[in-house]
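The following note is offered to a colleague who is opening this structure for the first time. The points are numbered for ease of reference.

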Amino acid sequence: MASLPTMRPLGCLRSLLRTREAMQPNLNCRWISTAYSKRPERVPLPQTSPNNSFLRFPSDSNRKMVTPKPVKIYPAPPSARKACKDPIAKVTESQLQVLDPKGERKALFDYRRNPRSVKPGDIIRVTFKNGDPFNGVVLSIRLRGIDTSVLLRNELTRVAVEMSVKVFSPNVQGVEIVERAKRKPRRARLYYMRSRKHDRRSVENVVAAYVRQKKAFMSGRRQ
Amino acid sequence: MPPRLSGKLSQLPTFSLGGYLNQFEVQTRNFGIKSLNTPKPSRFNVGPGLPILESTSTAALLRKANSLPLRTGAIGIKKGMTAVYDPETGKRTACTVLQLDRVEVVSHKTRQKHGYWAVQVGAGWKHPKNVTKAMLGHFSSQGLSPKRHIFEFRVKDESGLLPVGASIQANWFQEGQFVDARSNSKGKGFAGVMKRHGFHGQDRSHGVSLTHRSMGSSGQGQGGGSRVYPGKKMAGNMGNHQNTVQNLKILKVDAEAGIVVVSGAVSGPKGCTVRIQDAIKKPWPRIEAEALPADATA
(Lines give C-alpha, C1' and ligand atoms only; values in the text may rest on other atoms or scores of the structure.)
Protein backbone atom coordinates (compact mmCIF):
# COMPACT_ATOMS: atom_id res chain seq x y z
CA MET A 1 0.00 0.00 0.00
CA ALA A 2 2.93 2.18 0.63
CA SER A 3 3.88 2.02 -3.04
CA LEU A 4 0.50 3.25 -4.21
CA PRO A 5 1.11 6.96 -4.04
CA THR A 6 4.23 6.59 -6.14
CA MET A 7 2.27 4.59 -8.74
CA ARG A 8 -0.45 7.19 -9.05
CA PRO A 9 1.36 9.41 -11.55
CA LEU A 10 1.80 6.45 -13.82
CA GLY A 11 -1.97 5.85 -13.86
CA CYS A 12 -2.24 7.79 -17.13
CA LEU A 13 -0.41 5.02 -18.89
CA ARG A 14 -3.22 2.58 -18.17
CA SER A 15 -5.30 3.65 -21.13
CA LEU A 16 -2.32 3.19 -23.36
CA LEU A 17 -1.86 -0.35 -22.11
CA ARG A 18 -5.50 -1.10 -22.73
CA THR A 19 -5.26 -0.28 -26.43
CA ARG A 20 -2.24 -2.51 -26.66
CA GLU A 21 -4.21 -5.41 -25.22
CA ALA A 22 -6.98 -4.86 -27.72
CA MET A 23 -4.56 -5.01 -30.56
CA GLN A 24 -2.81 -8.17 -29.32
CA PRO A 25 -5.38 -10.49 -27.73
CA ASN A 26 -4.06 -12.81 -25.11
CA LEU A 27 -3.38 -16.08 -26.88
CA ASN A 28 -3.49 -18.11 -23.70
CA CYS A 29 -7.07 -17.16 -23.06
CA ARG A 30 -9.87 -19.59 -24.02
CA TRP A 31 -13.08 -18.36 -25.52
CA ILE A 32 -16.45 -19.93 -25.71
CA SER A 33 -18.56 -18.57 -28.49
CA THR A 34 -21.23 -19.78 -30.81
CA ALA A 35 -19.84 -19.10 -34.19
CA TYR A 36 -22.12 -19.22 -37.15
CA SER A 37 -21.11 -21.77 -39.68
CA LYS A 38 -22.87 -22.59 -42.83
CA ARG A 39 -24.87 -25.78 -42.92
CA PRO A 40 -23.11 -28.36 -45.06
CA GLU A 41 -24.88 -29.12 -48.24
CA ARG A 42 -26.31 -32.54 -48.82
CA VAL A 43 -24.13 -34.76 -50.88
CA PRO A 44 -26.27 -36.50 -53.45
CA LEU A 45 -26.17 -40.24 -53.57
CA PRO A 46 -23.91 -41.61 -56.26
CA GLN A 47 -25.96 -42.43 -59.32
CA THR A 48 -23.63 -45.07 -60.61
CA SER A 49 -23.83 -47.44 -57.68
CA PRO A 50 -25.09 -51.00 -57.53
CA ASN A 51 -28.79 -51.49 -56.87
CA ASN A 52 -28.65 -52.68 -53.25
CA SER A 53 -26.01 -50.25 -52.08
CA PHE A 54 -28.67 -47.73 -50.95
CA LEU A 55 -29.24 -49.87 -47.88
CA ARG A 56 -25.96 -48.66 -46.47
CA PHE A 57 -27.11 -45.06 -46.31
CA PRO A 58 -29.48 -44.09 -43.53
CA SER A 59 -32.79 -42.84 -44.75
CA ASP A 60 -36.31 -42.86 -43.42
CA SER A 61 -37.40 -45.68 -45.62
CA ASN A 62 -34.49 -47.86 -44.53
CA ARG A 63 -35.01 -47.10 -40.85
CA LYS A 64 -38.42 -48.72 -40.95
CA MET A 65 -36.83 -51.99 -41.83
CA VAL A 66 -34.58 -51.89 -38.76
CA THR A 67 -37.28 -51.25 -36.14
CA PRO A 68 -37.65 -54.37 -33.98
CA LYS A 69 -40.84 -56.32 -34.06
CA PRO A 70 -42.82 -56.27 -30.83
CA VAL A 71 -42.23 -59.43 -28.78
CA LYS A 72 -45.13 -61.80 -29.02
CA ILE A 73 -46.43 -62.67 -25.56
CA TYR A 74 -48.01 -66.07 -25.14
CA PRO A 75 -50.85 -66.69 -22.70
CA ALA A 76 -50.11 -68.61 -19.52
CA PRO A 77 -51.32 -72.20 -19.15
CA PRO A 78 -54.06 -72.95 -16.58
CA SER A 79 -52.80 -72.33 -13.10
CA ALA A 80 -52.69 -75.04 -10.44
CA ARG A 81 -52.44 -72.32 -7.85
CA LYS A 82 -55.83 -70.98 -8.85
CA ALA A 83 -57.31 -74.44 -9.04
CA CYS A 84 -56.29 -75.16 -5.47
CA LYS A 85 -55.87 -72.09 -3.30
CA ASP A 86 -55.28 -73.92 -0.03
CA PRO A 87 -53.30 -77.10 -0.64
CA ILE A 88 -52.86 -77.79 3.09
CA ALA A 89 -56.62 -77.88 3.60
CA LYS A 90 -56.93 -80.25 0.68
CA VAL A 91 -54.32 -82.62 2.10
CA THR A 92 -56.01 -82.49 5.51
CA GLU A 93 -59.38 -83.17 3.98
CA SER A 94 -58.17 -86.20 2.10
CA GLN A 95 -56.68 -87.50 5.36
CA LEU A 96 -59.85 -86.94 7.32
CA GLN A 97 -61.87 -88.82 4.71
CA VAL A 98 -59.87 -91.91 5.59
CA LEU A 99 -59.40 -91.40 9.34
CA ASP A 100 -62.75 -89.82 10.22
CA PRO A 101 -65.17 -90.50 7.33
CA LYS A 102 -68.33 -89.52 9.24
CA GLY A 103 -66.81 -86.47 10.84
CA GLU A 104 -67.80 -87.65 14.35
CA ARG A 105 -64.38 -87.22 15.86
CA LYS A 106 -64.07 -83.76 14.39
CA ALA A 107 -67.42 -82.73 15.84
CA LEU A 108 -66.55 -84.24 19.20
CA PHE A 109 -63.63 -81.87 19.68
CA ASP A 110 -64.86 -78.81 17.80
CA TYR A 111 -65.63 -77.05 21.08
CA ARG A 112 -66.06 -73.63 19.51
CA ARG A 113 -68.98 -74.65 17.28
CA ASN A 114 -70.48 -77.83 18.65
CA PRO A 115 -72.23 -77.44 22.04
CA ARG A 116 -72.17 -81.20 22.64
CA SER A 117 -68.44 -81.51 22.12
CA VAL A 118 -65.74 -82.22 24.67
CA LYS A 119 -64.91 -79.01 26.55
CA PRO A 120 -62.02 -78.01 28.77
CA GLY A 121 -62.69 -79.21 32.30
CA ASP A 122 -64.54 -82.38 31.25
CA ILE A 123 -63.31 -85.79 32.32
CA ILE A 124 -62.84 -88.09 29.32
CA ARG A 125 -61.72 -91.63 28.76
CA VAL A 126 -59.63 -92.42 25.69
CA THR A 127 -59.26 -96.04 24.59
CA PHE A 128 -56.41 -97.07 22.33
CA LYS A 129 -56.09 -99.89 19.85
CA ASN A 130 -53.02 -101.15 21.62
CA GLY A 131 -52.50 -100.50 25.31
CA ASP A 132 -54.47 -99.31 28.30
CA PRO A 133 -57.10 -96.60 28.20
CA PHE A 134 -56.20 -93.21 29.62
CA ASN A 135 -58.55 -91.08 31.68
CA GLY A 136 -58.13 -87.48 32.62
CA VAL A 137 -59.40 -83.94 32.89
CA VAL A 138 -59.22 -81.99 29.64
CA LEU A 139 -56.81 -79.12 30.20
CA SER A 140 -56.83 -77.85 26.64
CA ILE A 141 -58.01 -78.69 23.16
CA ARG A 142 -55.62 -77.76 20.41
CA LEU A 143 -57.51 -77.40 17.11
CA ARG A 144 -54.98 -77.81 14.28
CA GLY A 145 -56.74 -79.75 11.53
CA ILE A 146 -55.28 -83.24 11.34
CA ASP A 147 -52.98 -82.50 14.29
CA THR A 148 -55.86 -81.68 16.66
CA SER A 149 -54.99 -82.91 20.15
CA VAL A 150 -56.29 -82.84 23.73
CA LEU A 151 -54.19 -82.50 26.85
CA LEU A 152 -55.40 -84.82 29.64
CA ARG A 153 -54.37 -84.69 33.27
CA ASN A 154 -54.75 -87.41 35.86
CA GLU A 155 -52.98 -88.87 38.88
CA LEU A 156 -51.64 -92.40 38.73
CA THR A 157 -50.02 -93.94 41.83
CA ARG A 158 -50.11 -90.49 43.41
CA VAL A 159 -48.03 -89.04 40.61
CA ALA A 160 -49.55 -86.38 38.44
CA VAL A 161 -49.59 -87.48 34.77
CA GLU A 162 -50.38 -85.50 31.67
CA MET A 163 -50.87 -86.92 28.22
CA SER A 164 -51.39 -85.22 24.93
CA VAL A 165 -53.56 -87.32 22.64
CA LYS A 166 -53.69 -86.77 18.92
CA VAL A 167 -57.39 -87.00 18.28
CA PHE A 168 -57.32 -88.27 14.68
CA SER A 169 -54.61 -90.84 15.25
CA PRO A 170 -55.71 -94.29 14.05
CA ASN A 171 -54.45 -95.64 17.39
CA VAL A 172 -57.26 -93.85 19.21
CA GLN A 173 -60.14 -96.27 19.25
CA GLY A 174 -62.74 -94.33 21.18
CA VAL A 175 -63.32 -91.23 23.24
CA GLU A 176 -66.04 -91.13 25.94
CA ILE A 177 -67.15 -88.19 28.02
CA VAL A 178 -67.24 -89.45 31.59
CA GLU A 179 -68.26 -86.30 33.39
CA ARG A 180 -68.98 -82.77 32.31
CA ALA A 181 -67.38 -79.83 34.05
CA LYS A 182 -69.50 -78.76 37.05
CA ARG A 183 -69.17 -75.12 36.14
CA LYS A 184 -68.19 -73.73 32.78
CA PRO A 185 -64.57 -72.68 33.12
CA ARG A 186 -63.79 -69.12 32.17
CA ARG A 187 -60.68 -70.11 30.26
CA ALA A 188 -59.97 -72.22 27.20
CA ARG A 189 -56.70 -73.58 28.62
CA LEU A 190 -56.92 -74.71 32.22
CA TYR A 191 -53.22 -74.73 32.99
CA TYR A 192 -54.01 -73.34 36.43
CA MET A 193 -55.19 -76.82 37.31
CA ARG A 194 -51.55 -77.80 37.60
CA SER A 195 -51.23 -75.63 40.69
CA ARG A 196 -51.82 -77.39 44.00
CA LYS A 197 -54.79 -75.26 44.88
CA HIS A 198 -56.78 -76.08 41.75
CA ASP A 199 -55.52 -79.58 41.04
CA ARG A 200 -58.35 -82.07 40.32
CA ARG A 201 -56.07 -84.92 41.54
CA SER A 202 -57.05 -88.44 40.54
CA VAL A 203 -60.13 -89.01 38.40
CA GLU A 204 -59.85 -92.78 38.58
CA ASN A 205 -62.75 -93.28 41.00
CA VAL A 206 -65.05 -91.14 38.85
CA VAL A 207 -64.13 -93.13 35.79
CA ALA A 208 -64.42 -96.45 37.64
CA ALA A 209 -67.98 -95.57 38.68
CA TYR A 210 -68.79 -94.62 35.11
CA VAL A 211 -67.41 -97.89 33.77
CA ARG A 212 -69.36 -99.89 36.37
CA GLN A 213 -72.55 -98.07 35.50
CA LYS A 214 -71.98 -98.56 31.83
CA LYS A 215 -71.32 -102.25 32.28
CA ALA A 216 -74.53 -102.67 34.25
CA PHE A 217 -76.43 -100.75 31.63
CA MET A 218 -74.98 -102.86 28.84
CA SER A 219 -75.64 -106.14 30.62
CA GLY A 220 -79.18 -105.04 31.50
CA ARG A 221 -79.83 -104.24 27.91
CA ARG A 222 -78.48 -107.55 26.82
CA GLN A 223 -80.92 -109.50 29.08
CA MET B 1 31.52 -108.56 -30.46
CA PRO B 2 31.20 -107.37 -34.08
CA PRO B 3 34.08 -108.22 -36.38
CA ARG B 4 36.45 -105.39 -36.73
CA LEU B 5 37.97 -104.39 -40.02
CA SER B 6 41.65 -104.06 -40.21
CA GLY B 7 43.02 -100.57 -39.94
CA LYS B 8 43.64 -100.19 -43.67
CA LEU B 9 40.13 -101.18 -44.72
CA SER B 10 38.43 -98.91 -42.24
CA GLN B 11 40.21 -95.96 -43.78
CA LEU B 12 38.70 -96.68 -47.21
CA PRO B 13 35.77 -94.49 -48.35
CA THR B 14 32.55 -96.22 -47.27
CA PHE B 15 30.31 -97.37 -50.03
CA SER B 16 27.04 -99.10 -49.20
CA LEU B 17 24.70 -100.39 -51.82
CA GLY B 18 21.74 -100.49 -49.39
CA GLY B 19 21.70 -96.73 -48.88
CA TYR B 20 21.68 -96.18 -52.57
CA LEU B 21 18.68 -98.45 -53.06
CA ASN B 22 16.64 -96.75 -50.28
CA GLN B 23 16.63 -93.55 -52.25
CA PHE B 24 14.58 -95.22 -54.95
CA GLU B 25 12.09 -96.85 -52.56
CA VAL B 26 10.89 -93.59 -50.96
CA GLN B 27 9.13 -91.76 -53.73
CA THR B 28 8.36 -88.30 -52.42
CA ARG B 29 7.41 -85.61 -54.88
CA ASN B 30 7.78 -82.23 -53.32
CA PHE B 31 7.38 -79.82 -56.21
CA GLY B 32 9.21 -77.37 -54.07
CA ILE B 33 6.19 -76.65 -51.79
CA LYS B 34 6.62 -77.17 -48.05
CA SER B 35 3.99 -76.82 -45.36
CA LEU B 36 4.66 -74.12 -42.85
CA ASN B 37 2.74 -76.00 -40.17
CA THR B 38 4.22 -79.41 -40.34
CA PRO B 39 2.36 -81.91 -38.19
CA LYS B 40 4.04 -82.12 -34.82
CA PRO B 41 3.39 -84.56 -32.02
CA SER B 42 1.29 -82.96 -29.26
CA ARG B 43 2.99 -81.97 -26.06
CA PHE B 44 0.07 -83.49 -24.22
CA ASN B 45 -0.77 -87.10 -23.87
CA VAL B 46 -4.11 -86.85 -25.63
CA GLY B 47 -5.69 -88.53 -28.60
CA PRO B 48 -8.10 -91.26 -29.55
CA GLY B 49 -7.49 -94.46 -27.66
CA LEU B 50 -5.70 -92.75 -24.80
CA PRO B 51 -7.22 -92.34 -21.35
CA ILE B 52 -8.91 -88.97 -20.66
CA LEU B 53 -6.76 -86.58 -18.70
CA GLU B 54 -7.98 -85.87 -15.20
CA SER B 55 -7.82 -82.12 -15.55
CA THR B 56 -10.19 -81.85 -18.51
CA SER B 57 -13.86 -80.91 -18.55
CA THR B 58 -14.69 -84.31 -20.04
CA ALA B 59 -13.13 -86.05 -17.08
CA ALA B 60 -14.88 -83.66 -14.70
CA LEU B 61 -18.25 -84.54 -16.24
CA LEU B 62 -17.46 -88.24 -15.99
CA ARG B 63 -16.60 -87.88 -12.33
CA LYS B 64 -19.83 -86.00 -11.73
CA ALA B 65 -21.96 -88.44 -13.77
CA ASN B 66 -22.68 -90.78 -10.85
CA SER B 67 -24.09 -88.01 -8.70
CA LEU B 68 -26.24 -86.38 -11.38
CA PRO B 69 -29.91 -87.34 -11.70
CA LEU B 70 -31.11 -88.91 -14.92
CA ARG B 71 -34.09 -86.60 -15.28
CA THR B 72 -34.99 -83.04 -14.49
CA GLY B 73 -36.63 -81.76 -11.31
CA ALA B 74 -39.41 -79.26 -10.67
CA ILE B 75 -39.94 -75.94 -8.95
CA GLY B 76 -42.41 -76.00 -6.10
CA ILE B 77 -43.77 -73.39 -3.71
CA LYS B 78 -43.66 -74.27 -0.03
CA LYS B 79 -47.19 -74.04 1.32
CA GLY B 80 -46.64 -75.18 4.89
CA MET B 81 -46.39 -78.25 7.05
CA THR B 82 -48.93 -80.80 8.22
CA ALA B 83 -48.96 -84.50 9.06
CA VAL B 84 -49.95 -87.71 7.34
CA TYR B 85 -51.15 -90.82 9.18
CA ASP B 86 -50.68 -94.34 7.99
CA PRO B 87 -54.12 -95.91 8.68
CA GLU B 88 -52.66 -99.43 9.13
CA THR B 89 -49.74 -98.79 11.45
CA GLY B 90 -51.07 -95.57 12.92
CA LYS B 91 -47.71 -93.93 12.34
CA ARG B 92 -47.73 -90.18 12.01
CA THR B 93 -45.33 -88.54 9.59
CA ALA B 94 -44.71 -84.82 9.57
CA CYS B 95 -44.73 -83.53 6.02
CA THR B 96 -44.32 -80.42 3.91
CA VAL B 97 -46.83 -79.49 1.23
CA LEU B 98 -45.41 -78.12 -2.01
CA GLN B 99 -47.35 -76.84 -4.99
CA LEU B 100 -46.17 -76.93 -8.58
CA ASP B 101 -47.62 -74.05 -10.56
CA ARG B 102 -47.27 -73.98 -14.35
CA VAL B 103 -43.86 -75.61 -14.35
CA GLU B 104 -42.50 -75.76 -17.90
CA VAL B 105 -39.21 -76.45 -19.58
CA VAL B 106 -37.79 -73.17 -20.89
CA SER B 107 -34.52 -74.20 -22.49
CA HIS B 108 -31.59 -76.58 -22.42
CA LYS B 109 -27.94 -76.34 -21.54
CA THR B 110 -25.85 -78.62 -23.67
CA ARG B 111 -22.37 -80.04 -23.43
CA GLN B 112 -21.42 -78.64 -26.82
CA LYS B 113 -22.53 -75.10 -26.17
CA HIS B 114 -22.42 -74.60 -22.41
CA GLY B 115 -20.18 -77.40 -21.18
CA TYR B 116 -22.77 -79.36 -19.23
CA TRP B 117 -26.20 -80.91 -19.57
CA ALA B 118 -29.04 -79.14 -17.80
CA VAL B 119 -32.72 -78.35 -18.20
CA GLN B 120 -33.83 -74.79 -17.55
CA VAL B 121 -37.24 -74.88 -15.92
CA GLY B 122 -39.60 -72.00 -15.24
CA ALA B 123 -42.59 -71.76 -12.93
CA GLY B 124 -45.43 -69.38 -12.18
CA TRP B 125 -46.34 -66.35 -14.22
CA LYS B 126 -45.02 -62.83 -14.28
CA HIS B 127 -46.65 -59.83 -15.83
CA PRO B 128 -44.89 -59.08 -19.14
CA LYS B 129 -44.64 -55.45 -18.07
CA ASN B 130 -42.23 -56.46 -15.31
CA VAL B 131 -40.07 -58.70 -17.46
CA THR B 132 -37.01 -57.38 -19.25
CA LYS B 133 -37.13 -57.45 -23.00
CA ALA B 134 -34.27 -59.90 -23.17
CA MET B 135 -36.11 -62.40 -20.95
CA LEU B 136 -39.36 -61.74 -22.76
CA GLY B 137 -37.69 -62.73 -26.01
CA HIS B 138 -36.22 -65.80 -24.33
CA PHE B 139 -39.68 -66.99 -23.32
CA SER B 140 -41.59 -66.02 -26.43
CA SER B 141 -39.03 -67.62 -28.73
CA GLN B 142 -40.02 -70.92 -27.09
CA GLY B 143 -43.72 -70.09 -27.22
CA LEU B 144 -43.98 -69.74 -23.43
CA SER B 145 -45.56 -67.18 -21.15
CA PRO B 146 -43.19 -65.15 -18.96
CA LYS B 147 -42.17 -67.15 -15.88
CA ARG B 148 -41.65 -65.86 -12.37
CA HIS B 149 -39.07 -68.41 -11.27
CA ILE B 150 -36.35 -69.92 -13.42
CA PHE B 151 -33.92 -72.57 -12.29
CA GLU B 152 -31.63 -75.09 -13.89
CA PHE B 153 -31.64 -78.78 -13.11
CA ARG B 154 -28.50 -80.62 -14.09
CA VAL B 155 -28.96 -83.99 -15.69
CA LYS B 156 -26.50 -86.74 -16.46
CA ASP B 157 -26.68 -86.72 -20.25
CA GLU B 158 -28.66 -85.82 -23.32
CA SER B 159 -31.38 -88.37 -22.62
CA GLY B 160 -32.44 -86.35 -19.59
CA LEU B 161 -33.30 -83.26 -21.62
CA LEU B 162 -37.06 -82.94 -21.57
CA PRO B 163 -38.34 -81.18 -24.72
CA VAL B 164 -38.62 -77.41 -24.45
CA GLY B 165 -42.18 -76.34 -23.66
CA ALA B 166 -43.07 -79.59 -21.92
CA SER B 167 -45.00 -79.01 -18.72
CA ILE B 168 -43.99 -80.83 -15.55
CA GLN B 169 -46.95 -81.93 -13.47
CA ALA B 170 -46.95 -83.15 -9.91
CA ASN B 171 -47.14 -86.75 -11.13
CA TRP B 172 -43.63 -86.32 -12.49
CA PHE B 173 -42.79 -87.66 -9.02
CA GLN B 174 -44.12 -90.99 -7.81
CA GLU B 175 -45.45 -91.74 -4.37
CA GLY B 176 -42.78 -93.54 -2.41
CA GLN B 177 -39.79 -92.22 -4.32
CA PHE B 178 -37.15 -90.03 -2.70
CA VAL B 179 -36.22 -86.49 -3.64
CA ASP B 180 -33.74 -83.81 -2.62
CA ALA B 181 -35.31 -80.44 -1.79
CA ARG B 182 -33.19 -77.35 -2.34
CA SER B 183 -34.29 -73.96 -1.05
CA ASN B 184 -33.11 -70.87 0.73
CA SER B 185 -33.36 -70.97 4.50
CA LYS B 186 -35.16 -68.35 6.54
CA GLY B 187 -33.17 -65.14 6.78
CA LYS B 188 -32.10 -64.16 10.29
CA GLY B 189 -30.43 -60.86 9.48
CA PHE B 190 -27.14 -59.79 11.02
CA ALA B 191 -26.55 -62.27 13.84
CA GLY B 192 -23.86 -62.53 16.50
CA VAL B 193 -21.49 -65.47 16.83
CA MET B 194 -23.51 -67.15 19.57
CA LYS B 195 -26.59 -67.41 17.40
CA ARG B 196 -24.80 -67.83 14.08
CA HIS B 197 -22.08 -70.32 14.98
CA GLY B 198 -23.09 -71.56 18.42
CA PHE B 199 -20.17 -69.98 20.26
CA HIS B 200 -20.46 -70.14 24.02
CA GLY B 201 -19.99 -66.45 24.59
CA GLN B 202 -18.28 -65.22 27.71
CA ASP B 203 -18.99 -65.19 31.44
CA ARG B 204 -21.77 -63.19 32.99
CA SER B 205 -19.32 -61.90 35.60
CA HIS B 206 -15.71 -62.64 36.71
CA GLY B 207 -14.60 -59.28 35.42
CA VAL B 208 -16.21 -59.57 31.97
CA SER B 209 -17.60 -56.25 30.99
CA LEU B 210 -19.83 -55.50 28.01
CA THR B 211 -18.60 -58.52 25.99
CA HIS B 212 -20.85 -61.29 27.23
CA ARG B 213 -21.96 -62.40 23.77
CA SER B 214 -18.90 -61.45 21.71
CA MET B 215 -16.58 -63.93 20.05
CA GLY B 216 -13.45 -63.33 22.12
CA SER B 217 -10.20 -63.85 20.26
CA SER B 218 -10.03 -64.16 16.50
CA GLY B 219 -6.73 -66.08 16.51
CA GLN B 220 -3.16 -66.14 17.68
CA GLY B 221 -0.77 -63.23 17.55
CA GLN B 222 2.82 -63.69 16.42
CA GLY B 223 2.68 -67.48 16.61
CA GLY B 224 -0.17 -67.66 14.11
CA GLY B 225 1.13 -65.19 11.59
CA SER B 226 -0.43 -62.12 13.19
CA ARG B 227 -3.42 -62.27 10.96
CA VAL B 228 -7.01 -63.47 10.89
CA TYR B 229 -7.34 -66.58 8.77
CA PRO B 230 -9.81 -66.69 5.91
CA GLY B 231 -13.12 -68.28 6.87
CA LYS B 232 -12.88 -67.20 10.52
CA LYS B 233 -16.30 -67.54 12.05
CA MET B 234 -17.54 -64.10 12.94
CA ALA B 235 -20.79 -62.23 13.32
CA GLY B 236 -22.62 -61.52 10.07
CA ASN B 237 -25.65 -62.22 7.98
CA MET B 238 -27.32 -65.46 8.95
CA GLY B 239 -29.80 -67.52 7.01
CA ASN B 240 -31.26 -66.95 3.57
CA HIS B 241 -28.61 -69.21 2.10
CA GLN B 242 -29.26 -72.27 0.00
CA ASN B 243 -29.83 -75.49 1.84
CA THR B 244 -30.45 -78.96 0.46
CA VAL B 245 -32.45 -81.51 2.42
CA GLN B 246 -31.73 -84.96 1.06
CA ASN B 247 -33.83 -88.11 0.82
CA LEU B 248 -37.32 -86.80 1.43
CA LYS B 249 -39.99 -89.33 0.63
CA ILE B 250 -42.88 -88.38 -1.63
CA LEU B 251 -45.98 -89.20 0.40
CA LYS B 252 -48.74 -87.85 -1.81
CA VAL B 253 -49.13 -86.46 -5.31
CA ASP B 254 -52.07 -84.62 -6.83
CA ALA B 255 -51.58 -83.62 -10.45
CA GLU B 256 -54.68 -81.43 -10.81
CA ALA B 257 -53.98 -79.33 -7.75
CA GLY B 258 -50.22 -79.52 -8.35
CA ILE B 259 -49.66 -80.82 -4.84
CA VAL B 260 -46.54 -82.73 -3.87
CA VAL B 261 -46.33 -83.82 -0.23
CA VAL B 262 -42.83 -84.67 0.97
CA SER B 263 -41.89 -86.12 4.31
CA GLY B 264 -40.16 -83.99 6.88
CA ALA B 265 -39.15 -80.37 6.78
CA VAL B 266 -37.88 -78.19 3.94
CA SER B 267 -35.80 -75.07 4.53
CA GLY B 268 -37.31 -71.66 4.12
CA PRO B 269 -40.45 -69.74 4.95
CA LYS B 270 -43.90 -70.46 3.56
CA GLY B 271 -44.16 -69.28 -0.02
CA CYS B 272 -40.50 -69.82 -0.86
CA THR B 273 -39.41 -71.64 -3.99
CA VAL B 274 -38.24 -75.20 -3.49
CA ARG B 275 -36.39 -77.15 -6.14
CA ILE B 276 -37.12 -80.86 -5.97
CA GLN B 277 -35.23 -83.46 -7.96
CA ASP B 278 -34.68 -87.21 -7.69
CA ALA B 279 -32.52 -88.02 -4.67
CA ILE B 280 -28.94 -88.69 -5.66
CA LYS B 281 -28.33 -91.04 -2.74
CA LYS B 282 -31.20 -93.38 -3.54
CA PRO B 283 -31.84 -95.63 -6.55
CA TRP B 284 -33.35 -93.72 -9.45
CA PRO B 285 -37.13 -94.10 -9.67
CA ARG B 286 -38.62 -96.27 -12.36
CA ILE B 287 -40.29 -93.92 -14.78
CA GLU B 288 -43.75 -94.98 -15.81
CA ALA B 289 -45.13 -94.04 -19.19
CA GLU B 290 -48.07 -92.11 -17.76
CA ALA B 291 -45.80 -89.88 -15.73
CA LEU B 292 -44.17 -88.51 -18.86
CA PRO B 293 -45.50 -85.06 -19.59
CA ALA B 294 -47.32 -84.15 -22.76
CA ASP B 295 -45.10 -82.57 -25.38
CA ALA B 296 -45.24 -78.89 -26.08
CA THR B 297 -48.01 -77.64 -28.28
CA ALA B 298 -45.57 -75.24 -29.97
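1. B:N247 has its place in strand 9 of chain B. In this predicted model, the residue shows a positive phi of about 60° although it is not a glycine. Most residues other than glycine have a negative phi. B:N247 counts as partly exposed, because 14 C-beta neighbours lie inside 10 Å.

2. A positive phi is also found in chain A, where A:T157, a residue other than glycine, has a value near 50°. A:T157 belongs to the loop between strand 3 (149–156) and strand 4 (159–166) of chain A. A:T157 is exposed, since 6 other C-beta atoms are within 10 Å of its own.

3. Strand 9 also takes part in a barrel of chain B: 6 strands close in the order 1-2-10-9-6-11, and their pairing is antiparallel. From one strand to the next, the twist averages 50°. Within this barrel, strand 1 and strand 2 of chain B pair in the antiparallel sense over 8 bridges. B:K78 has B:L98, in strand 2 of chain B, as its bridge partner. As a general matter, strands of a sheet pair through backbone hydrogen bonds, either parallel or antiparallel.

4. For chain B as a whole, the secondary structure comes to 5 helices and 11 strands. Of its 298 residues, 24% count as buried. Among contacts in chain B with a separation of 6 or more, 69% join residues 24 or more positions apart.

5. Which residues touch the most other members of the largest nonpolar core? They are B:A74, B:V121, B:V179, B:V260 and B:V262, in a core of 41 residues. The elements of chain B that give two or more residues to this core include strand 1 (74–85), strand 4 (118–123), strand 6 (178–184) and strand 10 (259–263). Domain 1 and domain 2 of chain B both contribute residues, and the core therefore lies between them.

6. B:V262 illustrates the contacts made by one of these core residues. Leaving aside residues up to four places away in sequence, B:V262 touches B:C95, B:T96, B:L98, B:V179, B:A181, B:L248, B:K249, B:I250 and B:L251. A second, separate core has 18 residues, including A:F109, A:V118, A:I141 and A:V150.

7. The domain assignment of chain B gives domain 1 (72–100 + 170–187 + 236–292) and domain 2 (102–167). Taken over C-alpha atoms, the centres of the two domains are separated by 21 Å. Their contact takes 8 residues from domain 1 and 10 residues from domain 2 of chain B. On the side of domain 1 that touches domain 2, strand 1 and strand 11 of chain B each supply at least two residues, and strand 11 provides the largest share, 3 residues. By class, this side has 3 nonpolar, 4 polar and 1 charged residues.

8. Between the chains, 29 residues of chain A are in contact with 30 residues of chain B. Helix 4 (80–83) and helix 5 (87–99) of chain A are the elements that give two or more residues to the side of chain A that touches chain B. The largest share of this side, 8 residues, comes from helix 5 of chain A. The residues of this side divide into 17 nonpolar, 6 polar and 6 charged.

9. Where does helix 5 of chain A lie with respect to chain B? Helix 5 lies across strand 1, strand 2, strand 9 and strand 10 of chain B, and runs at about 35° to strand 1 of chain B.

Terms used: Residues numbered from 1 in each chain as written. Chains lettered and ligands numbered in written order. Predicted model: local features only at pLDDT ≥ 70, side-chain atom pairs only at ≥ 80, totals over all residues. Core = buried A, V, L, I, M, F, W, Y, C linked by C-beta atoms within 7 Å. Buried ≥ 20, exposed ≤ 12 C-beta atoms within 10 Å, placed from the backbone. Helix = DSSP H or I, 4+ residues; strand = E, 2+ residues; numbered from the N terminus. Domains from an automatic or database assignment. Contact = placed C-beta atoms within 7 Å. Nonpolar A, V, L, I, M, F, W, Y, C, P; charged D, E, K, R; others polar. Pairing = 2+ DSSP bridges. Axes fitted to C-alpha atoms, helices over the stretch in contact; angles between N-to-C directions.
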